[in-house]
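Trainee: I should like to understand how the terms used for helix packing and for a ligand site are justified. May we go through them one by one?

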Amino acid sequence: MLNYEAFDHLPFDHLHIDTPVEKWMTPEPYVVHPYQTLKEATDLLNAHHIYSVPVVSDQRTLLGLITKSTLIQAFFKSCNLETPVSYVMETEFATISPKDKIDKAIQMRDGCLPVVDSDKKLLGIITRTDILKANAFYLQYFRDTIDHVEILKLVLNSAYEGVVVIDQTCKIIEFNEAYCRFVGKSRDAIIGKDVREVIENTRLHIVVKNGTEERGFIQRIQGHDMIVHRIPIFNGKKVVGAIGMLIFQDVTQLYHILGRVHDARQKPSENEFVFSERDLYHLNKIIGTSAAMLSAKRLAKKAAVTPATVLITGESGTGKEVFAQAIHDMSAFSDGPLISVNCAAIPENLLETELFGYEEGAFTDARRGGKPGRFEQADNGTIFLDEIGDMPLLMQAKILRVLQERVVERVGGTNRKKINVRIIAATNRDMESMVESGQFREDLYYRINIIRLHLPPLRERTEDIPKLINHFIHQYSSAFGIAEKKVSKAAMLILQAYNWHGNVREIINLCEMLVCLTEQAEISPEDLPKNIRHKVAAAHQLSVDEVESNIKAVMDQQEKLLILETLKQTSGNKAAAARLLNIQRSTLYMKMKKHNLQ
Ligand SMILES: Nc1ncnc2c1ncn2[C@@H]1O[C@H](COP(=O)(O)OP(=O)(O)OP(=O)(O)O)[C@@H](O)[C@H]1O
């Protein structure tokens, strides 16, 4: 490591490789005068371990140079020690001007190079040590520059947006990792190529030509509408290149942002829908009006209007497939099929032929005429890759190719078929940690995680539970031709307090069981499965009986408040209150007596 203190006297801030000699010279060198003796000159050279010394007049005009070899030659010629140096000094030697570039000093012959001004006045000397210092400094300077370039590369590569830099001949000189991921090519395969060969519909070559900036343009790349900026790079007045930036990974992200701005401005109530009749038809099949569900429905609608890939995440049974269906039904792909593939259910050795199909003769049992794969079947429609987190790594690489190129090739075949497919993937696994642990390819993750739709578990949206239960009780009652049963308030409170690890799927199973097995018209806490009642009690550290008596107390309190509220409304008129509550007057009297309201 170079010690910078050695250069403290130098103005490094503005240093450049061709700095002048005056920055590096030794400013007040040892000198001898022409009338000094050879002995004095010899003593000076020996005392300071130097090879040469300039000879100057009293006004510091450079007259000659005394070197060790001049002295040796003088003694051979029998000059005595008292001879003045002017008799033997060199008069033919190189000098350098203070404004000359330091690299000119490299031709030095005599151990030192006098630095003189136009009047031949000595300003300093350049010694070998000065040249070594300059070299060492530049070496460090270049190392630092390389470090800076590395830092810039790091910054560029950690940018979330795609960045491309081209020179004035349209050759790509920089291409960051985000962009590489997006176009699915390695940096090495891209650097040096003409930008028009790498980026579809680019206009960077035009920007380099006319030097006009283009901001916020929409550019179609790989089937997606992308927002881009194109900025010319100037050196003085000359355009020397251009930078292209992919600002949003996809326009849908802009739609999200616009949606958020819109939401913030409008502050719509949670129940307010701005969907068409057709959207409502599809979305209303998804039961739930909790804030989380409404925002998931809005996002699904926004995703449906773009062809972008959607990744739906959420625990098992939260409705990922239901949302995939709704997105498909509301999208421009709805005239085509929705093909579902459960990546976890198909054995690894069959997954490739299942997804990509095979040609006749591809393997021993191959069907005559071959078989199209799921991707081909989904052409002009949607493919739903369920449990994508369980897909083997080898298959992930193949899927990535399809996502990048939108082309499929059957197993055992050579034809590549272009497909137009919207992709929806779903998983209940933690994709980010799978990527971190290397179980899921990072490049594929970026490809599918364009629009992220997360479905929270039921226990985080308990207000949806009564609606789901009533919906499925109604559905099963009519399917089985059984008179519809009502879930009592107490039973509903227990169901809302339950954990529902199986989410909606578990609710459906329970409703089927309750419709079939409950004999009374009302489903009460005792009709609920024991495990549900016990788990709710355990979660509250109570016994089952305590839970039920607590619920009864809560309900009694609610009933009392309701009666008081209604009587207030009717100014104490009991007949009117009974009418409002839709109960007999005698029942109201009975309840008022129970709650000590008389
Ligand atoms: N909000 C909902 N409204 C109506 N039905 C729903 C809702 N959510 C889920 N379902 C129903 O619940 C069942 C499970 O849903 P779905 O298969 O979509 O869940 P999933 O998240 O894909 O589960 P898995 O991860 O196990 O595949 C399905 O029968 C589905 O129709």
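Mentor: The following exchange sets computed values against the definitions behind the terms. Please bear in mind that the model is predicted.

Trainee: Why are H10 and H11 called oblique to each other?

Mentor: Helix H10 (residues 291-304) packs against H11 at an angle of about 45 degrees. Angles under 35 degrees count as roughly parallel and 65 to 115 as roughly perpendicular. The angle of H10 and H11 belongs to neither class, and these helices are therefore oblique. Their axes are 8 Å apart, and the crossing is right-handed.

Trainee: Which residues of H10 and H11 meet?

Mentor: H10 contributes Ala-296, Ala-300, Lys-301, Ala-303 and Ala-304, while H11 contributes Phe-323, Ala-326, Ile-327 and Met-330. By class, this contact has eight nonpolar residues, no polar and one charged.

Trainee: What makes H17 oblique to H19?

Mentor: The axes of helix H17 (residues 465-480) and H19 cross at roughly 45 degrees and come within 9 Å. Since only angles under 35 degrees count as roughly parallel, and those of 65 to 115 as roughly perpendicular, H17 is oblique to H19. The crossing of H17 with H19 is right-handed. Residues on the H17 side of the contact include Phe-472, Tyr-476 and Phe-480, and those on the H19 side include Val-504, Ile-507 and Glu-512. The contact of H17 with H19 divides into 13 nonpolar, one polar and one charged residues.

Trainee: Helices H1 and H2 pack at about 140 degrees. Why are H1 and H2 called oblique?

Mentor: An angle must be over 145 degrees to count as roughly antiparallel. The angle between helix H1 (residues 38-48) and helix H2 (residues 68-76) is about 140 degrees, so H1 and H2 are oblique. Their axes lie 11 Å apart, and the crossing is left-handed. Leu-38, Ala-41, Thr-42 and Leu-45 of H1 make the contact with Lys-68, Leu-71 and Ala-74 of H2. Five residues of this contact are nonpolar, one is polar and one is charged.

Trainee: How do you know that the ligand lies between domain 3 and domain 4?

Mentor: Domain 3 (258-456) and domain 4 (486-585) both give residues to the shell around the ligand, so the ligand lies between these domains. The shell holds 17 residues, and the closest are Ser-316, Gly-319, Lys-320, Glu-321 and Val-504. Helix H11 (320-330) and helix H19 (503-517) are the elements that give two or more residues to the shell.

Trainee: How many residues of the shell around the ligand are nonpolar, polar and charged?

Mentor: Six are nonpolar, seven are polar and four are charged.

Conventions
Residues numbered from 1 in each chain as written. Predicted model: local features only at pLDDT ≥ 70, side-chain atom pairs only at ≥ 80, totals over all residues. Near = placed C-beta within 6 Å. Helix = DSSP H or I, 4+ residues; strand = E, 2+ residues; numbered from the N terminus. Nonpolar A, V, L, I, M, F, W, Y, C, P; charged D, E, K, R; others polar. Domains from an automatic or database assignment. Axes fitted to C-alpha atoms, helices over the stretch in contact; angles between N-to-C directions. Left-handed = near helix turned anticlockwise from the far one by under 90°. Contact = placed C-beta atoms within 7 Å.
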